[in-house]
2 protein chains.
Amino acid sequence: MTGPLPDGRKSGGKPRTRIQEINRKIILDAALDVFSAYGFRGSTLDQIAEKAGMSKPNLLYYFRRKQDIYRAVLEAILETWLAPLEELDADGDPIAEISKYIRLKLDLSRDMPEASRLFANEILHGAPVIGEFLRGPLKDLVDRKACVIRGWIEAGRLNHADPVHLIFMIWATTQHYADFDVQVRAVLGDGEDPAPSADPLDGAEATLMTVFLDGLRPR
Amino acid sequence: MTGPLPDGRKSGGKPRTRIQEINRKIILDAALDVFSAYGFRGSTLDQIAEKAGMSKPNLLYYFRRKQDIYRAVLEAILETWLAPLEELDADGDPIAEISKYIRLKLDLSRDMPEASRLFANEILHGAPVIGEFLRGPLKDLVDRKACVIRGWIEAGRLNHADPVHLIFMIWATTQHYADFDVQVRAVLGDGEDPAPSADPLDGAEATLMTVFLDGLRPR
DNA sequence: TTTGGTCTTGACCATTTGGTCAGGTGGCCC
DNA sequence: GGGCCACCTGACCAAATGGTCAAGACCAAA
């Protein structure tokens with residue numbers, strides 16, 4: 001529970017066999033689906049085993065404990081999660097950079113909603129597993145990028161707004177479409193009538209851009 | 001022994017006694033804390049019973065099933081949740097009305113974070129209990145208020161933006177501070193050094209107002 | 001004070017579930 | 001082909017947990 005441990009394997013462990021590589025991946029994929037749908041406590045090893053197409057004892061051959069699977073799934077998506085913010089470039093045009101960031105985050109919500117929901121669930125319940133990650137690498141990254149944004153503001157290239165809260169706003173609005181997908185679809189009137197309603201995220205992008213860039217007050 | 005079932009009482013049920021009134025409230029309060037912290041499946045009747053200061057069989061005297069408690073807690077907060085949007089007044093000034101709505105939603109995040117998290121958790125997992133509510137009363141309310149906003153836009157009093165997605169944006173950004181509280185505090189560097197860091201929501205309000213009303217692009 | 005229903009609980013039960021184990025199967029290297 | 005070790009599983013176990021029950025405590029009305 002202390003070290004970074006990218007996965008179950010300590011630094012001195014043996015290298016993985018071909019079969020291990022394959023089956024670990026299968027398990028993690030199945031576990032992502034199950035954990036994101038039911039949460040940690042709400043998921044059972046049997047569910048994961050069935051989805052992975054193997055017996056429960058075999059699951060536990062690759063991961064000693066349920067928690068190890070959960071942690072491995074979470075850690076597997078952390079890097080993906082940070083990547084878009086990492087790309088924010090101090091030398092680029094502020095408006096273009098932020099627009100691009102919003103677009104990348106929306107793409108994540110569209111392409112990896114399960115991962116987003118798993119992440120949300122973990123934080124919602126106090127981040128018992130990735131708390132250290134939040135206070136460490138995440139905070140560092142945000143601090144760095146906040147400086148970039150602050151630079152743009154001080155150069156008069158962006159309106160005055162707290163950079164960290166701005167990042168929160170972007171996280172919140174983009175992940176909303178993955179995390180609250182059911183509500184979004186319910187309110188938009190998902191799949192009524194003949195027309196198979198378009199992806200909610202199409203309408204989302206235009207609205208986010210308008211509001212984030214120009215606000216609601218008419219010029 | 002077919003008890004009077006103090007709980008699921010349809011319209012024809014007996015009125016509640018004084019003790020029932022009191023104990024149901026105690027149970028619902030305790031259950032809100034527990035369910036919001038651990039989710040439905042992650043919470044146990046023993047936890048709720050202990051927090052409520054009574055025995056587990058006594059819990060089940062007031063609520064026949066665990067699910068009944070969960071549902072009752074959820075239903076108890078639904079009305080509170082809709083209230084702020086209900087107040088959006090077509091005859092008011094658009095900017096003032098929306099500012100007020102954002103402020104009210106932030107107040108909810110500040111004052112009832114557990115309720116917000118319970119709600120978020122329910123939706124995150126597909127809204128198995130309140131799905132009907134989302135597709136019914138919630139959609140109706142949003143549709144009504146979207147018309148109000150659309151009216152303001154067509155009158156040139158607001159920038160062009162999809163009203164429903166705008167509402168999503170306000171929900172997302174305001175509830176973020178309750179639902180993702182741990183992350184917010186982690187990134188802001190909660191409680192470091194002597195200064196007991198201020199409530200994150202203070203900084204949030206100013207930023208939300210700036211971005212929602214004026215956007216990021218300098219005028 | 002009596003009386004009848006309300007309220008409360010210790011003890012108990014059945015099921016679910018995370019995890020173990022002994023033993024079988026099969027791939028890989030010699 | 002043979003031996004070794006990784007891989008796999010049916011059967012099993014103990015703990016946790018949702019829920020029941022019978023019996024006692026309490027309260028309020030007459």
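The arrangement of the two protein chains is described here, followed by the surroundings of DNA strand C in this predicted model.

Superposition of chain A on chain B requires a turn of 180° and a shift of 0.0 Å along the axis, and gives an RMSD of 0.0 Å. The two copies are thus related as by a two-fold rotation axis. Within chain A, the residue whose C-alpha comes closest to this axis is G215(A), at 1.8 Å. Of the interface residues of chain A, 100% are also interface residues in chain B, so the copies meet through the same surface.

DNA strand C is surrounded by 21 residues, of which K66(A), T17(B), Q20(B), R41(B) and Y62(B) come nearest. Of the atoms of DNA strand C that come within 4 Å of the protein, 62% belong to sugar and phosphate. By class, the residues of this surface comprise eight nonpolar, seven polar and six charged. At least two residues of the surface are supplied by each of three helices, namely α3 (56–62) of chain A and, from chain B, α1 (18–42) and α3 (56–62).

Polar side-chain atoms of chain B approach phosphate oxygens of DNA strand C at several positions. For R41(B), the separation between such a side-chain atom and a phosphate oxygen is 2.2 Å. The corresponding distance for Q20(B) is 2.6 Å, and for N23(B) a polar side-chain atom lies 2.9 Å from a phosphate oxygen of the strand. Both Q20(B) and R41(B) are also listed among the residues that come nearest to DNA strand C.

Technical notes. Residues numbered from 1 in each chain as written. Chains lettered and ligands numbered in written order. Predicted model: local features only at pLDDT ≥ 70, side-chain atom pairs only at ≥ 80, totals over all residues. Heavy atoms only, no water. Least-squares fit on C-alpha atoms with pLDDT ≥ 70 in both. Contact = heavy atoms within 4.5 Å. Near = heavy atom within 4 Å. Polar contact = N/O pair within 3.5 Å; in protein donor to acceptor, adjacent residues only side chain to side chain. Helix = DSSP H or I, 4+ residues; strand = E, 2+ residues; numbered from the N terminus. Nonpolar A, V, L, I, M, F, W, Y, C, P; charged D, E, K, R; others polar.
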